[in-house]
Amino acid sequence: MSTVVLVLGACGQIGTELSLKLRSIYGSSNVIASDIKPGSDELMESGPFELIDATNGEQILGIIQKYKVNSVYLLAAMLSATAEKHPQKAWNLNMKSLSIVLDLAKEGRIKQIYWPSSIAVFGPTSPKTNTPQNTILEPTTVYGISKLSGEYWCNYYHSNFGVDVRSLRYPGIVSWKTEPGGGTTDYAVDIYIKAVKEGRYTSFLSGDTRLPMMYMDDAINATIQLMEADSKALQIRTSYNLSGFDCTPKEVANSIKKILPDFTIDYDPDFRQKIADSWPDSIDDQFARQQWNWKHRVDLGEMSKIMISNISKTVISL
Ligand code: AKB
């Protein structure tokens, strides 16, 4: 049976690149991108697209039947910073969409689900450095609460109904194709865009706020590697810790200065500082490394080169 994928939330930062990669693996017509509004030209021109509200079960079922979808990647979500402003909306979107796809799998209408969790499941009482997989989980953000609850729904559907749902706790993801929206780690994308376009950046996090980060290609590879792993090897059905590297805004700025020596940064922390302060500095992802051979490839220096070179090309072609 060939893999036919539906990506919900395909026009966002991760959804765009994940859909393109899935199309290169499974064939363009076998990956249905969907979102509440159209996405980038590259995504829209590369294969089928459907307008879907991820909280509408009937719409999702209709598309699954139309294309004979057997695998759903659910990326529609409200991220940490926006969720603090709209707590009920965030809870509704993040939990309802998950509950719909879990039930579709329980009813046998789809075979596999990917659902991202986040470092936001940790809180101020979790160990800050090298945060382990199994530790105190007391999130203080709405987004974190929704991700932690979601992890346990996934685990429940797996152990009680045999649903094959797989998940990763993403760190901040850095990329240049599609900007993120509404996250606390978004500074690590904004900083490169502003560095190239304006030569300066005001960070909404303080200079020494250390957070776990990852370049997009690593995040996409981890996601696909997890989805293709032998189910018997996967001992974690809540969500796997996943790590690339960790850095502070000051360290990102210094790595930019090696390429753009005139770049300047200043700091004006806002409400997102409190969110960042509640999250780990760095993550221990040994179970992902042991159970399905996860290995990150891109570090901060390499990422700065890729980001600056690609954003510069985009600016020149405007
Ligand atoms: C956010 O900042 O909200 C996200 C995340 C870490 O899950 N990027």
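In the predicted model, strand E4 (residues 71-74) and strand E5 (residues 112-114) run parallel and are joined by three bridges. Within this pairing, Tyr 73 has Tyr 114 of E5 as its bridge partner. Both strands belong to an open sheet of six strands, in the order E3-E2-E1-E4-E5-E7, and the pairing is parallel. The edges of the sheet are formed by strand E3 (49-51) and strand E7 (164-166), each of which pairs on one side only. On average, and with direction ignored, neighbouring strands of the sheet are turned by 20° against each other. Helix H8 (residues 216-228) lies across E4, E5 and E7. The helix runs at about 155° to E5.

Strand pairing is also found at strand E11 (residues 211-215). Strands of a sheet pair through backbone hydrogen bonds, in either a parallel or an antiparallel sense. E11 takes part in both kinds: strand E9 (residues 172-174) pairs with E11 in the parallel sense over three bridges, whereas strand E13 (residues 245-247) is joined to E11 by three bridges and runs antiparallel to it. In the pairing with E9, Val 174 stands opposite Tyr 215 of E11. In the pairing with E13, Met 213 of E11 stands opposite Phe 245. Five of the five residues of E11 are buried, so the strand is largely enclosed by the rest of the structure. Leu 211, Met 213 and Tyr 215 point one way from the strand, and Pro 212 and Met 214 point the other way.

E11 is also one of the elements that give two or more residues to the largest nonpolar core, which has 41 residues. The residues with the most contacts inside this core are Tyr 187, Tyr 192 and Met 303. The other elements that give two or more residues are H6, helix H7 (187-198), E13, helix H9 (249-257), helix H10 (272-277) and helix H12 (300-317). H7 gives the most, with seven residues.

Ten aromatic pairs are present in the structure. In one of them, Tyr 157 and Phe 161 are arranged edge-to-face, at 5.1 Å centre to centre and with 70° between the planes. The arrangement counts as edge-to-face because the angle between the planes is over 60 degrees. The two residues are four apart in helix H6 (residues 142-161), so they are separated by about one helical turn. Tyr 157 is buried, with a relative accessible area of 8%, while Phe 161 is partly exposed, with a relative accessible area of 36%.

A second pair, formed by Trp 292 and Trp 294, is tilted, at 6.4 Å centre to centre and with 40° between the planes. Trp 292 counts as buried at 4% relative accessibility, and Trp 294 counts as buried at 2%.

Tyr 157 and Phe 161 also belong to one aromatic cluster, together with Trp 153 and Tyr 156. In addition, Phe 161 has a charged residue over its ring: Lys 106 lies over the face of Phe 161, at 4.4 Å from the ring centre. Another such contact involves Arg 272, whose charged end sits over the ring of Phe 204, 3.5 Å from its centre.

How values were computed:
Residues are numbered from 1 along each chain as its sequence is written. This is a predicted model: local features need pLDDT of at least 70, side-chain atom pairs count only at pLDDT 80 or more; totals for chains, interfaces and linings use all residues. Side-chain values use heavy atoms; hydrogens and water are left out. Rings of Phe, Tyr and Trp (its six-membered ring) pair if their centres lie within 6.5 Å; planes under 30 degrees apart count as stacked, over 60 as edge-to-face and the rest as tilted. Buried means under 20% relative accessible area, exposed over 50%, partly exposed in between (1.4 Å probe, protein chains only). A charge sits over a ring if NZ of Lys or CZ of Arg is within 6 Å of the ring centre and within 35 degrees of the ring normal. Two strands pair if DSSP finds at least two bridges between them. Axes are lines fitted to C-alpha atoms, for helices over the stretch in contact, and angles run from 0 to 180 degrees between N-to-C directions. Contact means heavy atoms within 4.5 Å. A nonpolar core is a set of buried Ala, Val, Leu, Ile, Met, Phe, Trp, Tyr and Cys residues joined through side-chain atoms within 4.5 Å.
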